[in-house]
2 protein chains.
Amino acid sequence: MKIYSKFSRETARDYALRVLKENILSLDLKPGTAISENELSAELNLSRTPVREAIIELAKAYLIEIYPQRGSFVSLIDPKMVEEARFLRKITDIAVIKTACDEIDEDGIALLEDNVSLQEYYLSKGMTDKIFELDNQFHKNIYVVAKKDIIYEIHSTLMIHFDRVRNLSVATVKDFKVVGDHRKMLEAIKAGDKETAAELVDKHLGRYQIDEKEIRSKKPEYFKV
Amino acid sequence: MKIYSKFSRETARDYALRVLKENILSLDLKPGTAISENELSAELNLSRTPVREAIIELAKAYLIEIYPQRGSFVSLIDPKMVEEARFLRKITDIAVIKTACDEIDEDGIALLEDNVSLQEYYLSKGMTDKIFELDNQFHKNIYVVAKKDIIYEIHSTLMIHFDRVRNLSVATVKDFKVVGDHRKMLEAIKAGDKETAAELVDKHLGRYQIDEKEIRSKKPEYFKV
DNA sequence: CATACCATACTTGTATACAAGTATACCATG
DNA sequence: CATGGTATACTTGTATACAAGTATGGTATG
């Protein structure tokens with residue numbers, strides 16, 4: 001488990017939450033790992049209270065399982081959870097990008113254009129590590145343009161189920177294809193072309209195909225069933 | 001605020017959460033009302049800890065706003081939140097009922113059939129107060145049939161934004177229309193007719209039209225903007 | 001009277017103490 | 001050796017104490 005340093009203005013609870021989410025997503029906390037409130041609070045130099053509050057929040061999203069008086073554990077990969085997260089992301093992304101086609105204005109175009117241009121720049125310079133965060137930001141910005149940013153936030157924790165399995169996949173997506181997708185999405189939004197935008201999202205998400213059998217054969221101990 | 005009694009097996013935190021959610025939904029806790037951790041824990045005969053944990057969870061869903069060192073308050077009705085909840089419910093319900101058309105089996109049919117039959121029975125006897133809970137159960141069961149029950153649960157707290165505004169509407173929906181909708185949905189699912197099922201959901205949700213202006217003119221102090 | 005100050009009584013955030021249940025290792029007993 | 005009981009060291013759940021910031025009302029001062 002990686003210990004990040006606490007931001008000065010960050011509350012203890014938010015700090016504990018951030019550390020846990022990052023570690024679960026990156027699999028530095030492996031599925032099944034025991035998490036002790038006492039141990040973690042010692043590592044983070046906090047008391048049990050904020051650590052416990054963070055753990056409870058992640059348990060609500062099924063990322064941690066709490067067994068009272070026995071212990072808390074990083075949830076094993078549950079194919080049903082992964083499927084529900086994937087399903088939810090797909091239908092929501094599609095509906096939101098269609099809404100963005102209606103709601104887009106000059107400010108929204110500027111927001112998305114700046115992002116995609118940066119992606120294209122970093123891609124041309126081979127700085128592909130920068131693209132990951134811009135990718136996330138681009139998707140979030142579409143929700144912002146569609147005035148559905150609360151939905152993005154509410155879903156974000158749940159999507160960790162999907163994203164940590166993606167992180168286990170060997171087959172990484174080619175960055176240039178992703179950036180190209182984003183450019184096409186932006187153009188479709190600018191043109192108000194809902195159907196094309198929706199198709200692009202569908203194809204885009206299809207790139208993150210996860211080969212469950214392969215991952216499972218490598219790391220069977222990570223899986224619930 | 002109404003104080004319910006605690007179930008014996010219920011944890012203190014779940015109890016506090018249940019009481020708060022019920023009261024916010026029913027508007028027995030009016031938008032804007034101050035909620036003191038100390039006061040509430042005294043009323044519920046609990047310590048601050050479980051009450052605080054419940055408040056934090058509702059704050060995550062924007063149903064309570066916490067201002068550190070100042071106080072916590074039941075969130076005012078925020079039209080943006082209501083719209084996001086309505087939007088999310090619509091797109092999810094539609095996608096899920098389509099999936100239910102594919103996933104339905106004998107057990108699923110029995111589950112839904114029992115529910116709708118009961119609704120029809122209570123309607124014929126004029127016991128319309130029984131229908132409310134069956135209505136909720138019917139929708140949940142569609143998610144269960146489609147194997148998307150986690151999504152239902154994750155969304156349920158957010159839907160309080162939508163539902164408490166519905167509870168403010170004078171224009172109550174005619175029960176028989178709702179029950180009729182459910183019967184038609186069930187038949188569409190049994191027939192595997194996705195498009196009809198989706199249209200029915202759309203029309204069904206359309207019955208819960210909320211006249212924001214009217215509610216706002218009656219209770220302007222409940223609204224954020 | 002108006003204003004600045006300050007004590008006070010709140011608020012939530014964090015830390016710690018205690019309660020109650022569980023798993024385990026060890027030891028006594030058959 | 002096998003088995004059952006038990007002390008022990010954990011775990012999370014709940015209660016309480018303390019820290020730090022905020023709003024308010026009263027009071028002294030100009």
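**Note on a predicted protein–DNA model: salt bridges, chain contact and DNA surface**

1. In helix 4 (residues 79–103) of chain A, A:Glu83 and A:Arg86 are joined by a salt bridge with the closest N and O atoms 2.9 Å apart; a salt bridge here is a side-chain nitrogen of Lys or Arg within 4 Å of a carboxyl oxygen of Asp or Glu. The two residues are 3 residues apart, about one turn of the helix. A:Glu83 is partly exposed at 30% relative accessible area, and A:Arg86 is partly exposed at 32%. The classes are buried, under 20% relative accessible area, exposed, over 50%, and partly exposed in between (1.4 Å probe, protein chains only). Helices (H or I, at least four residues) and strands (E, at least two) are DSSP runs numbered from the N terminus.

2. This is a predicted model, in which local features need pLDDT of at least 70 and side-chain atom pairs count only at pLDDT 80 or more, while totals for chains, interfaces and linings use all residues. Residues are numbered from 1 along each chain as its sequence is written, chains are lettered from A and ligands numbered from 1 in the order in which they are written, and side-chain values use heavy atoms, with hydrogens and water left out.

3. Two further salt bridges of chain A link separate elements. A:Lys194 and A:Asp102 meet at 2.9 Å, N to O. A:Lys194 lies in helix 10 (residues 194–206) and A:Asp102 in helix 4 of chain A, so this pair ties together parts that are 92 residues apart in sequence. A:Lys194 is partly exposed at 31%, whereas A:Asp102 is exposed at 53%. The other bridge pairs A:Arg52 with A:Glu37, the closest N and O atoms being 3.3 Å apart. A:Arg52 belongs to helix 3 (residues 48–60) of chain A and A:Glu37 to helix 2 (residues 37–43), 15 residues apart. A:Arg52 is partly exposed at 26%, while A:Glu37 is buried at 14%.

4. The count over all chains is 46 salt bridges, and 6 are found across the interface of chain B and chain A. A:Lys60 forms a salt bridge with B:Glu57, with the closest N and O atoms 3.1 Å apart. Salt bridges that share partners also join A:Arg13, A:Glu53, B:Glu37, B:Arg48 and B:Arg52 into one network.

5. The contact (heavy atoms within 4.5 Å) takes 29 residues from chain B and 29 residues from chain A. The two chains bury about 2600 Å² between them, 63% of it on carbon and sulfur atoms; buried area is the accessible area (1.4 Å probe) that two parts lose on being put together, summed over both.

6. Of the 23 residues around DNA strand C, A:Ala12, A:Ser47, A:Thr49, B:Arg52 and B:Gln69 come nearest; a residue is near a strand if one of its heavy atoms lies within 4 Å of it. The largest share of this surface, 3 residues, comes from helix 3 of chain A. Of the atoms of DNA strand C within 4 Å of the protein, 62% belong to sugar or phosphate and the rest to bases.

7. Individual approaches to DNA strand C can also be listed. A polar side-chain atom of B:Arg48 lies 2.8 Å from a base oxygen of the strand. Phosphate oxygens of the strand lie 3.2 Å from a polar side-chain atom of B:Ser72 and 3.3 Å from a backbone N or O atom of B:Glu37.

Conventions:
Polar contact = N/O pair within 3.5 Å; in protein donor to acceptor, adjacent residues only side chain to side chain.
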